[in-house]
Amino acid sequence: MIRNVVFDFGAVLFDWNPNKIVTEFTSSDYEQEQLLTNVLGHADWLSLDRGTMLMAEVIPKFSARVGFPESRMEDFFEHVQNQLTLIDVSANLVEHLLALNYPLYYLTNMSNAFFETLNDKHAFIREFKGGIVSANELLIKPEPEIFELLCQRYQLRPSECLFIDDNKQNVECARELGFEAIQFLPSEACIRQIMDKL
């Protein structure tokens with residue numbers, strides 16, 4: 001029986017579309033490719049999510065790699081955060097689950113700075129019972145340890161949790177650890193699939 005619901009943030013609760021992010025920041029095809037490859041798609045971005053590098057460290061590295069002034073790279077990071085807009089069907093789902101008194105948790109690969117920005121903007125996050133932000137733990141999905149930490153910290157049984165993530169590897173890892181898990185798409189069909197599990 002499902003007693004708890006665990007949400008990823010990026011591309012589940014909040015829009016995460018790297019192509020859209022870069023095209024709305026610059027019209028230059030060259031700059032878009034640089035930002036996709038050497039910033040959002042670079043290993044240093046994962047280090048930011050893992051918490052092994054801080055924003056103050058990565059911005060100069062990204063600037064040098066892409067050839068942007070640091071001030072412009074700072075503008076890009078602010079732009080990225082502003083692009084993390086709430087997905088309507090997900091907002092409705094969260095509201096519905098809270099009304100049904102399901103305890104909600106989050107498990108997200110994200111820098112602490114990005115999480116704090118979202119937390120400040122969206123009061124509903126504070127209605128979650130808790131959660132794990134990867135950068136605070138030096139762990140990252142799909143490593144089993146981050147799922148195990150969530151369960152340990154909040155005394156959760158995997159078999160009683162529905163985990164919702166857009167990433168196939170994360171979903172498969174959760175299933176291997178005993179969670180019910182659904183790969184998310186922002187569609188009414190996916191929402192019905194989620195509700196059918198509850």
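This report covers a helix contact, the largest pocket and some backbone features of a predicted model.

**Helices α4 and α5**

Helix α4 spans residues 55–66, and helix α5 spans residues 70–82. Their axes come within 9 Å. They cross at roughly 115°. The crossing of α4 past α5 is right-handed. From α4, the contact takes in Met 55, Val 58, Ile 59, Pro 60, Phe 62, Ser 63 and Val 66. From α5 come Glu 70, Met 73, Glu 74 and Phe 77. By class, the residues of this contact are eight nonpolar, one polar and two charged. Ser 63 is the polar residue, because Ser is neither on the nonpolar list nor on the charged list. The charged pair is Glu 70 and Glu 74, since Glu counts as charged.

**The largest pocket**

The largest pocket has a volume of about 450 Å³. Its lining consists of 18 residues. Which of them lie nearest the centre? They are Trp 16, Asp 49, Asn 109, Asp 166 and Asn 167. Two elements give two or more residues to the lining: α3 (43–50) and α10 (168–176). Helix α3 supplies the largest share, three residues. The lining divides into eight nonpolar, five polar and five charged residues. Among the residues nearest the centre, Asp 49 and Asp 166 are charged, because Asp belongs to that class. Trp 16 is nonpolar, since Trp is on that list.

**Backbone features in loops**

Two non-glycine residues have a positive phi, as tabulated here.

| Residue | Phi | Loop | Relative accessible area |
|---|---|---|---|
| Asn 101 | about 70° | between α6 (88–99) and β2 (104–108) | 66% |
| Leu 138 | near 60° | between α8 (134–137) and α9 (144–154) | 48% |

Is Asn 101 buried or exposed? Asn 101 is exposed, because its relative accessible area of 66% is over the 50% cut-off. Leu 138 counts as partly exposed, because its 48% lies between the 20% and 50% limits.

The loop between α8 and α9 holds Leu 138. Pro 142 is found in the loop between α8 and α9 too. What is the form of the peptide bond from Lys 141 to Pro 142? That bond is cis, with omega near 10°. The α8–α9 loop thus carries a positive phi at Leu 138 and a cis peptide bond leading into Pro 142.

Note on methods:
Residues are numbered from 1 along each chain as its sequence is written. This is a predicted model: local features need pLDDT of at least 70, side-chain atom pairs count only at pLDDT 80 or more; totals for chains, interfaces and linings use all residues. Side-chain values use heavy atoms; hydrogens and water are left out. Axes are lines fitted to C-alpha atoms, for helices over the stretch in contact, and angles run from 0 to 180 degrees between N-to-C directions. Helices (H or I, at least four residues) and strands (E, at least two) are DSSP runs, numbered from the N terminus. A crossing is left-handed if the near helix is turned anticlockwise from the far one by less than a right angle, and right-handed if clockwise. Contact means heavy atoms within 4.5 Å. On a 1 Å grid over the protein atoms alone, a cavity is a set of points where a 1.4 Å probe fits but cannot get out, and a pocket is an open set with protein on both sides within 12 Å along at least five of seven lines; lining residues have an atom within 4 Å of a point. Grid points are joined across faces, edges and corners, and a volume is the space filled by probe spheres set on the points. Buried means under 20% relative accessible area, exposed over 50%, partly exposed in between (1.4 Å probe, protein chains only).
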